[in-house]
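Student: I would like a close look at one part of this model, and then at what surrounds that part. Please take it slowly and keep to what can be read from the coordinates.

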Amino acid sequence: MLIATGAAPAHLPIEGADLLATSDDFLLLDAMPESLVMVGGGYIAFECAHLAARAGARVTILQADDRPLAQFEPDLVARLLERTRGLGIEVALGCKASRIARQGAGFAVACENGREFQAALVVHGLGRSPSLQDLALEAGQVAVEKGRLSLDPYLRSTSNPRVFAAGDAAAQGPALTPVASHDAAVVARNMLEGCHTKPDYGVVPSAVFTIPPLASVGLTEAAARAANPDVEVRQGDMAGYQSVRRTGETAAAYKLLVAPGSGQILGAHLLGPEAPEVINVFAVAMRAGMTADALARMMTAYPTGGSNISSMLG
């Protein structure tokens, strides 16, 4: 048996949380509200905010601490934050929502720091959790720990060897669509051939589809330095690169992390028009064990996002 029920918006211990719209509700809107508050500062909040602002809405993002998009490199998040605010989106840091209430035809969101925000729609942007609540797992002797399935390294239930899980329901790798597809292939092999295959989450690229997008693969600088203080950092601005200039985008930058001596690429972080596609090139290079010098020598079509790689690594 395979559990692949996906995920649902996480339960929030906020008074009035039942008044929150979901990202699905947002995508199904017939017309854009005049104003929105996004509760949370992750993928969902930033992507929806960029869409709404360009459709004419007044948008506020509420982030509980000072680290929106915490999975990404802080330097590039800061650049995206500046670009986001330049669109007229208010990003309120240190604003942890504590209460949501109806106010006239819209809503009011109160924060623990005393600030209050009003909007026609308030959207849940604080992540998703595995959809397990309706499965009667106890009846199937499927163990759960802290709201997550208890699985062995083969994505098999530790308490019922006939049950496997994949994707958001498994909650083992990053909560990304490609991870779910990867898990599905692993589980299919293990169910048909016996448990010999483990999922590999070592090199998983991800992106925030704002404008411009932000993309990442591998270690952040902080994680890389924790493992090796001498890690080499190659970083710079790409706004003047021809592939970026032709789009008219002004916010574009990179940070690459290279192991000293071996030249192994430990992490790549990109902000710019073609960042999600170019990050895939870095992911392939990392999986293939290419060194930074070898990747820098690769010929690419010009002027594309990929043609910037040699300049980044040069």
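Tutor: What follows starts from one glutamate and its salt bridges, and then moves on to other parts of the chain.

The model is a predicted one. The structure holds 11 salt bridges, and Glu 221 takes part in a network of them together with Glu 73, Asp 75, Arg 225 and Lys 255.

Which partners does the side chain of Glu 221 meet? One of them is Arg 225, at 2.9 Å from N to O. Both residues belong to helix 5, which covers residues 221-227. Glu 221 and Arg 225 are four residues apart, about one turn of the helix. Another partner is Lys 255, whose salt bridge with Glu 221 has an N to O distance of 2.6 Å. This second pair links distant parts of the chain, since Glu 221 sits in helix 5 and Lys 255 in strand 17 (residues 253-258), 34 residues apart.

Are these side chains buried or exposed? Glu 221 has a relative accessible area of 19%, so it counts as buried; the cut-off for buried is under 20%. Lys 255, at 1%, is also classed as buried. Arg 225 has 33% and is therefore partly exposed. The bridge between Glu 221 and Lys 255 thus joins a residue at 19% to one at 1%.

A salt bridge of another pair joins Arg 234 and Glu 232, with the closest N and O atoms 2.8 Å apart. Here Arg 234 is buried, because its relative accessibility is 15%, and Glu 232 is partly exposed, because its value is 33%.

Next come the aromatic rings. The structure holds one aromatic pair. It consists of Tyr 43 and Phe 72: the ring centres lie 5.5 Å apart and the planes stand at 65 degrees, so the pair is edge-to-face. The angle matters for the label because planes over 60 degrees apart count as edge-to-face. The two rings come from distant parts of the chain, with Tyr 43 in helix 2 (residues 43-54) and Phe 72 in the loop between strand 4 and helix 3 (74-86), 29 residues apart. Phe 72 has a relative accessibility of 1% and so counts as buried. Tyr 43 is partly exposed, because its relative accessible area is 22%.

The loop between strand 4 and helix 3 also holds Leu 69. Leu 69 is not a glycine, yet its phi is positive, about 50 degrees. Its relative accessibility is 1%, so Leu 69 is buried. Gln 141 is another residue other than glycine with a positive phi, near 55 degrees. Gln 141 lies in the loop between strand 10 (128-130) and strand 11 (144-145), and at 55% relative accessibility Gln 141 is therefore exposed.

Strand 4 itself runs over residues 58-63 and includes Gln 63. Gln 63 has a relative accessible area of 10%, so it is buried. Its side chain makes a polar contact of 2.5 Å with the side chain of Asp 65. Leaving aside residues up to four places away in sequence, Gln 63 touches Gly 40, Gly 41, Pro 68, Ala 92, Leu 93, Gly 94 and Cys 95.

Ile 265 offers another set of contacts. It is found in strand 18 (residues 265-271) and is buried, because its relative accessible area is 4%. With residues up to four places away in sequence left out, the residues that Ile 265 touches include Leu 257, Phe 282, Met 286 and Leu 295. Arg 246 is 19 residues from Ile 265 in sequence, and the two C-alpha atoms are 28 Å apart in space.

Two peptide bonds need a note. The bond joining Ile 211 and Pro 212 is cis, with omega about 5 degrees, and Pro 212 lies in the loop between strand 14 (206-208) and strand 15 (214-218). The bond joining Tyr 302 and Pro 303 is cis as well, with omega about 0 degrees. Pro 303 is found in the loop between helix 8 (292-296) and helix 9 (309-313).

Last is the surface. Leu 2, Met 191 and Leu 192 make a nonpolar surface patch of about 320 Å². Leu 2 lies in strand 1 (residues 2-3) and has a relative accessibility of 41%, so Leu 2 counts as partly exposed.

Definitions and conventions. Residues are numbered from 1 along each chain as its sequence is written. This is a predicted model: local features need pLDDT of at least 70, side-chain atom pairs count only at pLDDT 80 or more; totals for chains, interfaces and linings use all residues. Side-chain values use heavy atoms; hydrogens and water are left out. Helices (H or I, at least four residues) and strands (E, at least two) are DSSP runs, numbered from the N terminus. Buried means under 20% relative accessible area, exposed over 50%, partly exposed in between (1.4 Å probe, protein chains only). A polar contact is a pair of N or O atoms within 3.5 Å; within protein, one must be able to donate a hydrogen and the other to accept it, and residues adjacent in sequence count only if both atoms are side-chain atoms. Contact means heavy atoms within 4.5 Å. Rings of Phe, Tyr and Trp (its six-membered ring) pair if their centres lie within 6.5 Å; planes under 30 degrees apart count as stacked, over 60 as edge-to-face and the rest as tilted. Patches are made of residues with over 30% relative accessible area and no salt bridge: like charges are joined within 9 Å, nonpolar side chains (Val, Leu, Ile, Met, Phe, Trp, Tyr) within 5 Å. Accessible areas come from the Shrake-Rupley method with a 1.4 Å probe; for residues, only the protein chains shown count as cover. A salt bridge is a side-chain nitrogen of Lys or Arg within 4 Å of a carboxyl oxygen of Asp or Glu.
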